[in-house]
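Please examine the sequence and the three-dimensional structure shown below. The paragraphs after it serve as a guided reading.

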Amino acid sequence: MIFVLAGTSDARALALEIKKEDFDLLASVVTENASVELTESGIPVQVGRLTDEDMVGLFDTKGIQAVVDASHPFAEEASKNAIKAAKMVGIPYIRYERESQSFQYNNMTVVESYEEAAELALTKKGVVMLTTGSKTLQIFTEKLLGNPDIRLIARMLPRVDNMEKCEQLGLPQKNIVAIQGPFSKEFDKALYMQYGVTLMVTKESGKVGSVDEKVEAAKELGIDVIMIGRPKVNYGTFYARFVDVIEELHKTVGFTQTGITEPSF
């Protein structure tokens with residue numbers, strides 16, 4: 001059985017390709033919402049955050065033969081837990097990660113951390129739109145909220161826990177954009193214009209995350225951009241194409257390869 005860290009759209013597509021190859025698999029996601037499409041496709045799902053010890057127990061119980069880590073590029077903790085657990089049990093770890101993108105924009109600054117992004121945003125002032133999710137929201141609210149020269153707008157998934165977090169952190173309801181993407185460049189431009197955004201903060205999540213649309217929209221409007229670079233993790237076996245992941249599984253676990261299709265995101 002193959003253990004797949006999923007949760008994103010491309011991870012779900014990869015899980016389906018692995019299933020087509022007649023591998024048994026168990027997908028891991030954080031939320032019930034992320035499990036729906038996988039469950040509907042006949043893929044068993046483990047819901048909830050897992051420590052490395054949780055994974056080790058699961059690997060032993062389920063007879064896991066290999067780990068395919070297709071988690072989000074910024075799910076650093078999940079990846080490190082999976083790497084450690086696979087090493088402890090002695091099974092192959094295979095990382096799939098969507099390709100990085102590079103941008104040419106004079107008004108863009110690339111930083112290495114959320115903390116650095118918040119510090120830089122503090123010096124820029126104006127209307128700051130966060131498109132970095134809720135997990136690290138507190139880093140920005142602690143630095144920027146309450147500053148008379150800054151209006152902090154947070155765009156995030158429309159989940160109850162996200163709204164509760166915003167309330168706890170004191171982010172005004174009028175400054176929350178609760179919506180699920182992906183979005184077009186035209187939508188992003190309209191959103192920036194609606195709020196009078198002067199600075200957009202994002203992270204290098206790749207094309208699947210519509211980062212290019214966000215940046216191009218900002219570029220056309222002359223809006224400053226802070227881009228948070230991906231975490232530096234030593235993954236070991238690493239691929240950016242489904243076909244390579246499948247080939248690696250056939251080499252390390254077995255079976256004869258059949259046709260594999262890449263997604264057209």
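What follows treats the sheet, then the salt bridges, and then a lysine without one.

The model is predicted. A suitable place to begin is an open sheet of six strands, arranged in the order β3-β2-β1-β4-β5-β12 with parallel pairing. The strands β3 (45–47) and β12 (238–239) occupy the edges of this sheet; each has a single partner strand, so one side of each is left without a neighbour in the sheet.

Further inside this order, strand β1 (residues 2–5) and strand β2 (residues 25–29) run parallel and are joined by four bridges. One point of reference is F3, whose bridge partner in β2 is L26. Four bridges also join β1 to β4, and these two strands run parallel. Here V4 is found opposite V68 of β4. The next pairing, between β4 and β5, is parallel and comprises three bridges; in it, D69 stands opposite R95 of β5.

Strand β4 also shows how side chains are distributed about a strand. A66 and V68 point one way, whereas V67 and D69 point the other way, and all are buried. A helix accompanies this part of the sheet: α10 (residues 242–252) lies across β1, β4 (66–69), β5 (93–96) and β12, and runs at about 170° to β5.

The charged side chains come next. Side chains of opposite charge can pair when their charged atoms come close. In this model the count comes to 17 salt bridges.

One of them is formed by K124 and D224, with the closest N and O atoms 3.6 Å apart. This pair links distant parts of the chain, since K124 belongs to helix α5 (residues 114–124) and D224 to strand β11 (residues 224–228), 100 residues apart. K124 counts as partly exposed because its relative accessibility is 37%, and D224 is likewise partly exposed, with a relative accessible area of 22%.

Another salt bridge joins K185 and E220, where the closest N and O atoms are 2.6 Å apart. K185 lies in helix α8 (residues 185–195) and E220 in helix α9 (residues 211–221), so the pair ties together parts that are 35 residues apart in sequence. With a relative accessibility of 21%, K185 counts as partly exposed; E220 is partly exposed as well, at 43%.

A further salt bridge is that between the side chains of E204 and R230, at 3.1 Å from N to O. E204 is placed in the loop between β10 and α9, and R230 in the loop between β11 and β12, so that the pair links distant parts of the chain, 26 residues apart. Are these two residues, E204 and R230, buried or exposed? Both E204 and R230 are buried. Moreover, salt bridges that share partners join D69, R95, E97, E204 and R230 into one network. The D69 and R95 of this network are the residues described above as standing opposite each other in β4 and β5.

The final residue to consider is K203, located in strand β10 (residues 199–203). Which side chain of opposite charge is nearest to K203? It is E76, 11 Å away, and K203, although buried, has no salt bridge. The side chain of K203 does reach the backbone oxygen of T132, at 3.3 Å. Leaving aside neighbours within four places in sequence, K203 is in contact with H72, F74, Y114, T132, V211, M227 and I228.

Key:
Residues are numbered from 1 along each chain as its sequence is written. This is a predicted model: local features need pLDDT of at least 70, side-chain atom pairs count only at pLDDT 80 or more; totals for chains, interfaces and linings use all residues. Side-chain values use heavy atoms; hydrogens and water are left out. Buried means under 20% relative accessible area, exposed over 50%, partly exposed in between (1.4 Å probe, protein chains only). Lys and Arg count as positive and Asp and Glu as negative; His and the chain ends are not counted. A salt bridge is a side-chain nitrogen of Lys or Arg within 4 Å of a carboxyl oxygen of Asp or Glu. A polar contact is a pair of N or O atoms within 3.5 Å; within protein, one must be able to donate a hydrogen and the other to accept it, and residues adjacent in sequence count only if both atoms are side-chain atoms. Contact means heavy atoms within 4.5 Å. Two strands pair if DSSP finds at least two bridges between them. Axes are lines fitted to C-alpha atoms, for helices over the stretch in contact, and angles run from 0 to 180 degrees between N-to-C directions.
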